[in-house]
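Subject: Structure for your review

Dear colleague,

Here is the structure we discussed, with the sequence alongside. My notes follow below it; please read them with the model open.

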Amino acid sequence: MSIERRNAGSKKASAALLSRAERLCHDKNLRFTPMRRRVLAELAASTEPLTAYDLADRVREEKRVAPVTVYRALEFLLDAKLIHRIVIRNAYTPCDHAPHHDATPVFLVCTHCGSVEEIPSETFQHDLSETIAEIGFEPKSRVFEIEGECARCHASSDR
Ligand SMILES: [Zn+2]
Ligand SMILES: [Zn+2]
């Protein structure tokens, strides 16, 4: 659903994401630097998650941009919850759910086209948290990523 939207109307979706970022930075008195904007715009325009190296290639103009500069921008965008890190790809994708969500989403990662769909996980996380608490385990991080075939790729492979 969100991938559909990102593919079909990526300009619209990225404009919405950029204005969301502007509002958030203004409200929290944070600087939305040109590099932060460039990195977010590249992620919003991409149909699949991008690594820091992909981004360093895309945002460089006359001179090379060091990956560390891109990493700093990515850290800012992660903290602001404007993007997410896809661990199994070591890559980044814009957040599909405005304005904010606390629960870690589930990411459906297509192994064919590379698209990522973000779906809410509140219901199952509640059950999961109870089970984890019963065991007495103290979770520090949560990663919910499922690899497979997206609806579009699945439909085209069925023929
Ligand atoms: Zn999100
Ligand atoms: Zn796919």
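There are four salt bridges in the structure, which is a predicted model. Three of them are described here.

R37 and E22 join through their side chains, with 2.4 Å from N to O. This salt bridge links distant parts of the chain, since R37 sits in helix α3 and E22 in helix α2 (residues 10-27), 15 residues apart. R37 is partly exposed, at 32% relative accessibility. E22 is also partly exposed, with a relative accessible area of 36%.

A salt bridge within α3 connects the side chains of E42 and R38, at 3.7 Å from N to O. The two residues are four apart in that helix, which is about one turn. Are these two residues buried or partly exposed? E42 has a relative accessible area of 19% and counts as buried, because the cut-off for buried is under 20%. R38, at 26%, is partly exposed.

The salt bridge between R89 and E147 has its closest N and O atoms 3.1 Å apart. R89 is in the loop between β1 (83-86) and β2 (91-94), while E147 belongs to strand β5 (residues 145-148), so this pair ties together parts that are 58 residues apart in sequence. Both ends are partly exposed: R89 has 31% relative accessibility, and E147 has 44%.

Next, the packing of α3. Which angle do the axes of α3 and helix α5 (residues 67-79) make where they cross? The crossing is at roughly 75°, and the axes come within 9 Å. The two helices are therefore roughly perpendicular, a class that covers angles of 65 to 115 degrees. On the α3 side, the contact is made by M35, R36, V39, L40 and L43. These residues meet T69, V70, A73, L74, F76 and L77 of α5. By type, the residues of this contact divide into nine nonpolar, one polar and one charged.

L40 is worth looking at separately. This residue lies in α3, which spans residues 34-45, and is one of those that meet α5. L40 is buried, with a relative accessible area of 0%. Which residues does L40 touch, leaving aside its neighbours within four places in sequence? The contacts are L17, L18, A21, F32, L77, L82 and I83. Of these, L77 is also listed on the α5 side of the helix contact. L40 can also be placed relative to S14: the two are 26 residues apart in sequence, and their C-alpha atoms are 8.4 Å apart in space.

Last, the strands. Strand β3 (residues 106-110) and strand β4 (residues 116-119) run antiparallel and are joined by four bridges. L108 has E117 in β4 as its bridge partner. The two strands form a hairpin, with five residues between them. In the turn, G114 has a positive phi of about 80°.

If you want a place to start in the viewer, I suggest α3. That helix holds R37, which pairs with E22 of α2, and the E42 and R38 pair. L40 is also in α3, and the axis of α3 crosses that of α5 at roughly 75°.

Regards

Notes:
Residues are numbered from 1 along each chain as its sequence is written. Chains are lettered from A and ligands numbered from 1 in the order in which they are written. This is a predicted model: local features need pLDDT of at least 70, side-chain atom pairs count only at pLDDT 80 or more; totals for chains, interfaces and linings use all residues. Side-chain values use heavy atoms; hydrogens and water are left out. Buried means under 20% relative accessible area, exposed over 50%, partly exposed in between (1.4 Å probe, protein chains only). Contact means heavy atoms within 4.5 Å. Axes are lines fitted to C-alpha atoms, for helices over the stretch in contact, and angles run from 0 to 180 degrees between N-to-C directions. Angles under 35 degrees count as roughly parallel, over 145 as roughly antiparallel, 65 to 115 as roughly perpendicular and the rest as oblique. Ala, Val, Leu, Ile, Met, Phe, Trp, Tyr, Cys and Pro count as nonpolar, Asp, Glu, Lys and Arg as charged, and the others, Gly among them, as polar. Two strands pair if DSSP finds at least two bridges between them.
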